[in-house]
Amino acid sequence: GPMDLHQAYATIGNHKEFPLSLKVGRQELSYGDERLIGAFDWNNLGRTFDAAKLRWQNLWFSADFFTSRVVIPDDNGFNTANDYDWFSGMHATAKLIPKQSTEFYVLARNTSAGSPTVNGKGQPATLNGPSARDIYTIGTRWKSLPGELGHWDYTVELAAQFGHFNDPLAPVKSLDHEAYAAFAGGGYTWTESKYTPRLGLEYNFASGDSSATDGKHGTFENLFPANHKFYGFMD
């Protein structure tokens, strides 16, 4: 449509005076390198959530506790959240190891059977919600702080998933979900050079499904990522 709403939220709290704050409304969610939760802002729509987020923050530790529903674009009407697709979790960052940011997260995506038809009849399939699923993700991310290792940098992220996945095309409709993913990368930056070039090496891995008939779903779900900036057009 000619007009829509990207973000509109209210924030209560000031971390300079008190460690707790609350943010409620339509908002972007972005964590880490956005491999699992990102704003998807490379295209002309981006990604937002109707969410409530409670944040605790001090000098050594911060944690977000949130519950949300992803907003689905509607070409012919006002963008609304998918009431059948709830995304909740906890994301914490701590200074446990010198010279690096250490993050831990626990995420839950609970999608019910009404999700695929959330936009009603006549909508393109790509705008409809996902199939039913209950997927829980536990992970950690370690990233060197800028400049703390001289010219060098590194990032490591590991995630494991469990739960249930509903595949309407599979012989067994509700599949046990067991999946995992890993990323490791590092690089060297020539900071004294005029254009500060960086040479890096990285490795990405995510599990897939080995059999369509064994009652298990092994394909890692990367939730709400910003894939494009990492993997190009193949996402």
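In this predicted model, Ala159 has its bridge partner in strand E9, namely Ala181. That pair belongs to a longer run of contacts, with 15 bridges joining E8 to E9 in antiparallel fashion. E9 has other partners too. Nine bridges link E9 to strand E10 (residues 198-206), again antiparallel, and here Tyr188 sits opposite Leu199 of E10. With strand E11 (residues 216-217) the arrangement is parallel, and two bridges do the joining; His177 faces His217 of E11.

Ala159 also turns up among the contacts of Leu36. Setting aside neighbours within four places in sequence, Leu36 touches a string of residues that includes Tyr105, Leu107, Thr137, Glu157 and Ala159, along with Phe220, Asn222 and Leu223. Leu36 is part of the largest nonpolar core, a set of 17 residues. Within that core, Leu36, Ile37, Phe49, Phe66, Phe87 and Leu107 are the ones that touch the most other members. Two or more core residues come from each of E3, E4, strand E6 (100-111) and strand E9 (174-189).

The loop between E2 and E3 holds a couple of backbone oddities. Glu34 lies in this loop and has a phi near 65 degrees, a positive value even though the residue is not glycine. Is Glu34 buried or exposed? Glu34 counts as buried because its relative accessible area is 9%, below the 20% cut-off. Phe40, found in the loop between E2 and E3 as well, likewise has a positive phi, near 55 degrees.

Next come the charged pairs. Side chains of opposite charge can pair when their charged atoms come close, and a search of the whole structure turns up 13 salt bridges. In one of them, Asp50 meets Arg26 with 2.8 Å from N to O. The two partners come from distant parts of the chain, Asp50 from strand E3 and Arg26 from strand E2, 24 residues apart. Arg26 is buried, at 7% relative accessibility. Arg26 and Asp50 also take part in a network of salt bridges together with Arg69 and Asp83.

Another salt bridge joins Asp64 to Lys53, whose closest N and O atoms are 4.0 Å apart. Asp64 is in strand E4 and Lys53 in strand E3, so this pair ties together parts of the chain 11 residues apart in sequence. Asp64 is buried, with a relative accessible area of 2%, and Lys53 counts as buried at 14%. Arg141 and Glu103 make a salt bridge too, at 2.4 Å from N to O. Since Arg141 lies in strand E7 and Glu103 in strand E6, the link spans 38 residues in sequence. Both Arg141 and Glu103 are buried.

On the surface, there is a nonpolar patch with about 1100 Å² of accessible area in total, and its members include Ile12, Phe18, Leu20, Trp56, Trp60 and Phe65. Strands E2 (20-27), E3 (49-57) and E4 (61-72) each supply at least two of the patch residues, and E2 gives the largest share, with three. Phe18 comes from the loop between strand E1 (8-12) and E2; its relative accessible area of 48% makes Phe18 partly exposed.

Last on the tour is Gly147, in the loop between strand E7 (133-144) and strand E8 (152-166). Gly147 counts as exposed, at 61% relative accessibility. From Gly147 to Ile97 there are 50 residues in sequence and 15 Å in space, C-alpha to C-alpha.

Key:
Residues numbered from 1 in each chain as written. Predicted model: local features only at pLDDT ≥ 70, side-chain atom pairs only at ≥ 80, totals over all residues. Heavy atoms only, no water. Patch = residues over 30% accessible without salt bridge, like charges linked within 9 Å, V, L, I, M, F, W, Y side chains within 5 Å. Areas by Shrake-Rupley, 256 points an atom, 1.4 Å probe, with all protein chains shown as cover. Salt bridge = Lys/Arg side-chain N within 4 Å of Asp/Glu carboxyl O. Helix = DSSP H or I, 4+ residues; strand = E, 2+ residues; numbered from the N terminus. Buried < 20%, exposed > 50% of the residue type's maximum accessible area, 1.4 Å probe, protein only. Core = buried A, V, L, I, M, F, W, Y, C linked by side-chain atoms within 4.5 Å. Contact = heavy atoms within 4.5 Å. Pairing = 2+ DSSP bridges.
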